[in-house]
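Here are a few exercises to work through with the model open in your viewer. Try each task before you read its solution.

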Amino acid sequence: MILALRAALIAQVGKERFDLWFEDPERVRLEEGRLVICAADAFSLDRLRKTFREEIEFVATKTLGRTPEIVFRVESAAERKAEPGASTRRADEPRAAGPRLASHASRSASEASGAAPRPIRGDADRAEGSSSDAMPRRKYAQLDEFVVGDGSIVAHTAANMCVQRCGQVSPVFFYGPNGSGKTHLLEGILAETRRRGLVRRAVYLSSEQFTTQFVDALRGSGLPNFRRKYRDVELLVLDDLQFFAGKRATIVELQHTLDHLLRAGRQIVLAADRPPSELNELGSELIARFTGGLVCGIELPERSARLRIVQRLAERRRMEVPAEVAAMIADHIHGDVRQIAGALNRLHAASFAMSRPVSVELATVALSDIFRAAQKVVRLPDVEKAICEVFGIDASALHSKKKSRTVSHPRMLAMWLSRKYTRSAFADIGEYFGNRTHSTVISAQKKVDQWVAEKSNLAMPQGDVDIQEVIRRLEQRLRAV
């Protein structure tokens, strides 16, 4: 049951937040009917309690069929390794003895390509010959296990180029929505360069880890050590660049780090949830460095790729999944591939708990809520948000009487998308976007259809862009709602 609970919690809070706060399987566990949530220190425990209590209660009630007693507990790594009765615990209740249930949910969440379990992100991880050799290796995703789809073939080729021509094309920048496979490619590059012995020292980390360690260095651990750690490497792999937004001092430090590595001919691999042209908060100088190498977009997998991902994940779990069930999962889950991993975890747990083989009937019952959650309902505010993000305009402009092309064209696209993805009537759409008449919405729909037929270009902040590319970016935003 703990497997299903963790999978449901990943689906509720998102994999990135789950990895950040609950990365250790022992952080969430059941003890004598109670749900125990652990943190390494009192500050983190307080943040957990304030930020996630309602979501944890909701998920626990939905998964367990009852509202369990929730215990928040401070538990250090040393205490987790000790015997149950041997340590003194700062907790609401003493820890209960008993067997521990291992979770496969967190392990699966980064399998955006459907092949390898995502490792828990810890501190910066170094390659062969570094001081961390005494520590056990984390298992990284492998490039040859990546399920290549129509929307990821170029990115997968670029990842192989990083390995075969390490340092010759740098930086390589991957972008795409959550669950499209960016992290798998980053880990695959690191793992393959290590396996071939192409690099002696490498670092893989997220933007949050880079920021945290930079702040720690400023507060006392020392900038020289920090800079030596990240500038004396042959491969730097940095994920989630969008989270650098607003961190000016860290952005400057990152810029100097990249400059140092590029001058030395080192390989840099980066990833974000949007293209460099849309990361305006990071500054033009840093964006120029991103675009100076190779930029590759990754799209969410199409149905055929999703079906292969289901089959690959089932093989890794040694699950017997009938073709009809695999097709059902691929048909119902269109977005983040982590949801596919979560669905298989739920199905595996249900099959084990009920002592029944996986079947269409079992999948229909066990995955009904996951399927419903995957069918996202798009609303008018969602369309408005996507338009504003892609075109870089304020929502107030869409509602205004302005008729300039920089406003009227996004507004017409907003009306067109509203008709395509929402159930709103012409009159409701017109009223939402500035009290316009239903005939205005009809006219906007016809105009956009004309643009598509004529393959027109639209003016955007980064220049003229093909209408199909604009629509693709907008639809990616809507799928991520």
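Helix axes here are lines fitted to C-alpha atoms over the stretch in contact, and the angle between two of them runs from 0 to 180 degrees between N-to-C directions. Keep in mind that the model is predicted.

**Exercise 1. Getting an overview**

Task: Find how many helices and strands the protein has, and what share of its residues is buried.

Solution:
- Step 1. Going through the secondary structure gives 22 helices and 11 strands.
- Step 2. Of the 481 residues in the protein, 54% are buried.
- Step 3. Now take the contacts with a separation of 6 or more: residues 24 or more positions apart account for 70% of them.

**Exercise 2. Two helices at the start of the chain**

Task: Describe how the axes of α1 and α2 cross, and list which residues meet.

Solution:
- Step 1. Helix α1 covers residues 2-13 and helix α2 covers residues 15-22; their axes come within 7 Å and cross at roughly 120°.
- Step 2. Angles of 65 to 115 degrees count as roughly perpendicular and those over 145 as roughly antiparallel. The pair α1 and α2 is therefore oblique.
- Step 3. On the α1 side, the residues in contact are Arg 6, Leu 9, Ile 10 and Val 13, and they meet Lys 15, Arg 17, Phe 18 and Phe 22 of α2.
- Step 4. Sorted by class, this contact has 5 nonpolar and 3 charged residues, with no polar ones.

**Exercise 3. Salt bridges in three settings**

Task: Compare the settings of the salt bridges Arg 29 to Glu 31, Arg 303 to Asp 331 and Glu 469 to Arg 472.

Solution:
- Step 1. The structure holds 18 salt bridges, and these three are among them.
- Step 2. Arg 29 and Glu 31 are joined through their side chains, with N to O at 2.6 Å. For burial, the cut-off is under 20% relative accessible area. Arg 29, at 7%, is buried, and Glu 31, at 6%, is buried as well.
- Step 3. Between Arg 303 and Asp 331 the N to O distance is 2.4 Å. Arg 303 belongs to helix α12 (residues 303-316) and Asp 331 to helix α13 (residues 323-332), so this salt bridge ties together parts 28 residues apart in sequence. Arg 303 is partly exposed at 36%, and Asp 331 is partly exposed at 35%.
- Step 4. In the pair Glu 469 and Arg 472, the closest N and O atoms are 2.7 Å apart. Both sit in helix α22 (residues 467-479), 3 residues apart, which puts about one helical turn between them. An α-helix has 3.6 residues a turn, so residues three or four places apart point the same way.
- Step 5. Glu 469 is partly exposed at 23%, while Arg 472 is buried at 18%. Through shared partners, salt bridges join Glu 278, Glu 299, Glu 469, Arg 472 and Arg 473 into one network.

**Exercise 4. A closer look at α12**

Task: Check the span of α12 against the expected value, then find what its buried residues pack against.

Solution:
- Step 1. The expected span is 1.5 Å times one less than the number of residues. α12 has 14 residues, for which 20 Å is expected; from first C-alpha to last it reaches 20 Å, close to that value.
- Step 2. The buried residues of α12 are Ala 305, Arg 306, Ile 309, Val 310, Leu 313 and Ala 314.
- Step 3. These buried residues pack against α13 and α14 (337-354).
- Step 4. After α12 comes Arg 318, with a positive phi near 55°.

**Exercise 5. Unusual backbone angles**

Task: Say where Pro 171, Ser 355 and Lys 455 are found, and what the backbone does there.

Solution:
- Step 1. Start from the general expectation: most residues other than glycine have a negative phi, and most peptide bonds are trans.
- Step 2. The peptide bond from Ser 170 to Pro 171 is cis, with omega near -5°. Pro 171 is in the loop between α6 (153-164) and β5 (172-175).
- Step 3. Ser 355 is not a glycine, yet its phi is positive, about 55°. Ser 355 lies in the loop between α14 and α15 (360-366) and is exposed, with 67% relative accessible area.
- Step 4. Lys 455 also has a positive phi, near 55°. Its place is the loop between α21 (438-454) and β10 (457-460), and Lys 455 is exposed at 62%.

Definitions and conventions: Residues are numbered from 1 along each chain as its sequence is written. This is a predicted model: local features need pLDDT of at least 70, side-chain atom pairs count only at pLDDT 80 or more; totals for chains, interfaces and linings use all residues. Side-chain values use heavy atoms; hydrogens and water are left out. Helices (H or I, at least four residues) and strands (E, at least two) are DSSP runs, numbered from the N terminus. Angles under 35 degrees count as roughly parallel, over 145 as roughly antiparallel, 65 to 115 as roughly perpendicular and the rest as oblique. Contact means heavy atoms within 4.5 Å. Ala, Val, Leu, Ile, Met, Phe, Trp, Tyr, Cys and Pro count as nonpolar, Asp, Glu, Lys and Arg as charged, and the others, Gly among them, as polar. A salt bridge is a side-chain nitrogen of Lys or Arg within 4 Å of a carboxyl oxygen of Asp or Glu. Buried means under 20% relative accessible area, exposed over 50%, partly exposed in between (1.4 Å probe, protein chains only).
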